[in-house]
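Subject: Structure for your review

Dear colleague,

Please find below the structure that I am handing over to you. My notes on what was found in it follow directly after.

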Amino acid sequence: MPKALVVSDEVDERLWTDAVRAVSVDLVIGAGDLPYDYLAFLASALDAPCVFVPGNHDPDLSGYTRYGGLSMKDGFPTAWPGPAGGVNADGRVVDVAGIRFAGLGGSIRYNDGPNQWTQRQQARRARGLVRRAKWRRRRDGHDVDVLLTHSPPLDLGDRADPPHRGFACLHRTIDVLRPKWLLHGHIHPHGEPVPDRVVGETRIRNVVGHRIMEFS
């Protein structure tokens, strides 16, 4: 069973030291709003791949491509602002450490910052993600294991204030893809216990801070 260090939103300074090398995991999963240097350090120190989606406080990673080992944008070589070696799953279906991820980063739009979407915009992105996941399943028979998001579904672990409302489209995405897990950040518990929520076959978990998880 692959084991992962799952992180989101809150840096744990104890992990940003060589002490983290004592943790034994197969991959690092980031659910957004963390310094990309932090994710890169974790992946390097643990000698593990990193898969992530951006949060609403992260830099905009759209428009970057990889060609011949170079990072490109608008046809010109440029430095990629994301974590070194990290796999950006936003809007994509990716396989990392034997786990299939479908990713939707960002939060509800509440100002002019990056990685923010209206309900309609995120619904359109979610439909595209579902199409990609179905195509991959037809090709190799493998379902999505983890739906990795920054924001939770609407009314399932979100908050009433405008910046922390969840996305309604995630309900349909869960219904169609039926992942074992939906992992999200964005909602800070502030010390309160946050129980998992279960919708059909999918367990929804708030991963703000850090968790060690095993995936069967």
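Two strands are said to pair if DSSP finds at least two bridges between them. By that rule strand β14 (residues 197–199) pairs with β15, in the antiparallel sense and over three bridges. Please note that this is a predicted model.

The hairpin and its neighbour

The hairpin formed by β14 and β15 has two residues between the strands. G200 in this hairpin has a positive phi, near 60°. V199 has T202 as its bridge partner in β15. Strand β15 itself covers residues 202–206, and four of these five residues are buried.

β15 has a further pairing, with β13: the two run in the parallel sense, joined over four bridges. Strand β13 comprises residues 181–184 and contains H184. Opposite H184, in β15, stands N206.

Is H184 buried or exposed? H184 counts as buried because its relative accessibility is 2%, and the limit for that class is under 20%. Apart from neighbours within four places in sequence, the contacts of H184 include I204, R205, N206, V207 and V208. H184 also touches T149, H150, S151 and P152, as well as A31.

The helix α1 and the loops beside it

Helix α1 (36–46) follows the loop that begins after β2. Eight of the 11 residues of α1 are buried, so that the helix is mostly covered. Those eight are Y36, Y38, L39, A40, L42, A43, A45 and L46. In general, an α-helix has 3.6 residues a turn, so residues three or four places apart point the same way. Among the elements that cover the buried residues of α1 are β1, β2 and β3 (50–52).

Three aspartates in this part of the chain call for a remark on their backbone. D9, in the loop between β1 (3–8) and β2 (27–30), has a phi near 70°, which is positive although the residue is not a glycine. D33 lies in the loop between β2 and α1 and likewise has a positive phi, near 60°. D47, just after α1, takes a positive phi of about 50°.

Which class of accessibility does D9 fall into? With a relative accessible area of 13%, D9 is buried, because the class takes in values under 20%. D33 is buried for the corresponding reason, its relative accessibility being 11%.

The chain as a whole

The protein chain contains three helices and 16 strands. Its C-alpha atoms fill a box of roughly 45 × 40 × 40 Å along the principal axes. The radius of gyration is 16 Å, and this agrees with the value near 17 Å that a compact globule of 216 residues would have. Of the 216 residues, 50% count as buried.

Among contacts with a separation of 6 or more, 60% join residues that are 24 or more positions apart. The exposed surface of the protein chain is about 10,500 Å², of which carbon and sulfur atoms supply 50%. There are 28 positive and 26 negative side chains, and the centres of the two sets lie 9 Å apart.

Yours sincerely

Notes. Residues numbered from 1 in each chain as written. Predicted model: local features only at pLDDT ≥ 70, side-chain atom pairs only at ≥ 80, totals over all residues. Heavy atoms only, no water. Rg over C-alpha atoms; globule rule 2.2 N^0.38 Å. Buried < 20%, exposed > 50% of the residue type's maximum accessible area, 1.4 Å probe, protein only. Contact = heavy atoms within 4.5 Å. Areas by Shrake-Rupley, 256 points an atom, 1.4 Å probe, with all protein chains shown as cover. Lys, Arg positive; Asp, Glu negative; His and termini not counted. Charge placed at Lys NZ, Arg CZ, Asp CG, Glu CD.
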